[in-house]
Amino acid sequence: MKKVGSLALPESCIYLGKVMHARLFPKPHKFTYRVFSIFLDLDHINSASLPSALKIDRWGLFSFYAKDHGSRDGSDLKLWANQLLENNFQETAEKIYLLSFPRILGLGFSPLSIFFCYNDGNMYAII
């Protein structure tokens, strides 16, 4: 966690979790599997503090491509999010984090990209 004033902001990391699906009709069926997602500080997306296995905008076992998120054209994600915030709330964010899934062996499965937007150490918007 990074300290901003008296508040602590998160740092880029990997979250581990499980996904479960169940249905009862027409025939009971259930499965569970493990997943992981990446939580990235958009100010430090090319930082050495990211896991070395995560490649940025290039192929790797695990890779993150800006073009998979935001405007989907590879442009700056923080700029995209701040333009959206400015157009809707007349305010931009000091810090923005992205929670999503990386590509694995070049294959992308990104059903959700969540942008967490902070000002003065407080989250004020989620895109």
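Which residue of β10 does Asn119 stand opposite? In this predicted model, Asn119 stands opposite Asn122. The two strands involved, β9 and β10, pair in the antiparallel sense over four bridges. They form a hairpin with two residues between them. Asp120 lies in the turn and has a positive phi of about 50°.

The hairpin belongs to an open sheet of five strands. The strand order is β3-β4-β7-β9-β10, and the pairing is antiparallel. The edges are β3 (13-23) and β10 (122-126), each of which pairs on one side only. Neighbouring strands are turned by 25° against each other on average, direction ignored.

At the β3 edge, 11 bridges join β3 to β4 (residues 29-41). These two strands run antiparallel. Within this pairing, His21 has Phe31 of β4 as its bridge partner. Further along the sheet, β7 and β9 pair over five bridges, again in the antiparallel sense. Here Tyr97 has Phe116 of β9 as its bridge partner.

Strand β9 is largely enclosed by the rest of the structure, because six of its six residues are buried. In a regular strand, side chains alternate between the two faces of the sheet. Both faces of β9 are covered. Ile114, Phe116 and Tyr118 are buried on one side. Phe115, Cys117 and Asn119 are buried on the other. Asn119, opposite Asn122 in β10, is thus among the buried residues of β9.

Helix α1 (residues 77-89) lies across β7 (95-100), β9 (114-119) and β10. The helix runs at about 110° to β7.

Definitions and conventions: Residues numbered from 1 in each chain as written. Predicted model: local features only at pLDDT ≥ 70, side-chain atom pairs only at ≥ 80, totals over all residues. Heavy atoms only, no water. Pairing = 2+ DSSP bridges. Axes fitted to C-alpha atoms, helices over the stretch in contact; angles between N-to-C directions. Contact = heavy atoms within 4.5 Å. Buried < 20%, exposed > 50% of the residue type's maximum accessible area, 1.4 Å probe, protein only.
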